[in-house]
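The following note concerns the ligand site and the internal space of the model shown below. Please read the points alongside the coordinates.

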Amino acid sequence: MYQFIQQFHSGWAYLALIMLVIAVINALIGFFSKKEFTPKDRKIAIFALIGTHTQLLLGLILYFVSPLGFSALGNMTDKALRLTSLEHPLTNIIAITLITIAWSKHKKLTSSHAKFKIFAIFYTLGLLLILKMIPWSMWF
Ligand code: HEM
């Protein structure tokens, strides 16, 4: 169980990040070029939302089956354990909340410019937070 979820979380991270990077670039291009927000832009944004939510779900399961997750919480002097048991999960939950806020808020906005703007701000912030707290040394 642990190995399967750990590999799934590790592998899905590539897909989630690629989808999020594409959504950020698309939102920035749309915002700065003042394009019209089309169903294609909506699709790009929803793929990033689904990709990161799947990663969140895998992360939550992993957190309770991994020896580096919940069971390591408390050992805050070890930098690597602090990252996997506290900083990485907490930061990513905040990042995915920001991404979810952008998705729900864009539905209430009417202008294309405002839709691109909310995705450009919140998806970019989410991406930066995720990148900042990835346990890179474990991944590569
Ligand atoms: C978009 C969000 C996330 C991304 C991109 C991500 C990515 C990663 C990556 C690349 C690793 C290293 C994997 C490896 O060993 O090869 C990792 C480890 C880990 N992640 Fe995440 N993660 C995310 C969200 C979460 C969340 C929300 C949680 C918990 C609530 C979580 C819990 C963990 C744990 C416990 C580990 C250590 C697993 C182990 O090796 O035993 N992750 N994550």
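1. Helices (H or I, at least four residues) are DSSP runs, numbered from the N terminus. Helix 1 (2-32), helix 2 (39-65), helix 3 (79-106) and helix 5 (136-139) each contribute at least two residues to the shell around the ligand.

2. This is a predicted model, in which local features need pLDDT of at least 70, side-chain atom pairs count only at pLDDT 80 or more, and totals for chains, interfaces and linings use all residues. Residues are numbered from 1 along each chain as its sequence is written, and side-chain values use heavy atoms, with hydrogens and water left out.

3. The ligand is surrounded by 22 residues (a heavy atom within 4 Å); Y2, Q6, H9, S66 and H88 are the closest. The shell comprises 12 nonpolar, 10 polar and no charged residues.

4. Three side chains place an N or O atom close to a ligand oxygen atom (polar contact: a pair of N or O atoms within 3.5 Å). The distance is 2.8 Å for Q6, 2.9 Å for S10 and 2.5 Å for S66.

5. One cavity of 30 Å³ or more is counted (a set of points on a 1 Å grid over the protein atoms alone where a 1.4 Å probe fits but cannot get out). The largest cavity holds about 40 Å³ of space (the space filled by probe spheres set on the points). Helix 1, helix 2 and helix 4 (112-132) each give two or more residues to its lining (an atom within 4 Å of a point).

6. Residues lining the largest cavity include N26, D41, F116 and Y123. By class, this lining has eight nonpolar, one polar and one charged residues.

Conventions
Polar contact = N/O pair within 3.5 Å; in protein donor to acceptor, adjacent residues only side chain to side chain. Nonpolar A, V, L, I, M, F, W, Y, C, P; charged D, E, K, R; others polar. 1 Å grid on protein atoms, 1.4 Å probe; cavity = no way out; pocket = protein on both sides within 12 Å on 5 of 7 lines; lining within 4 Å.
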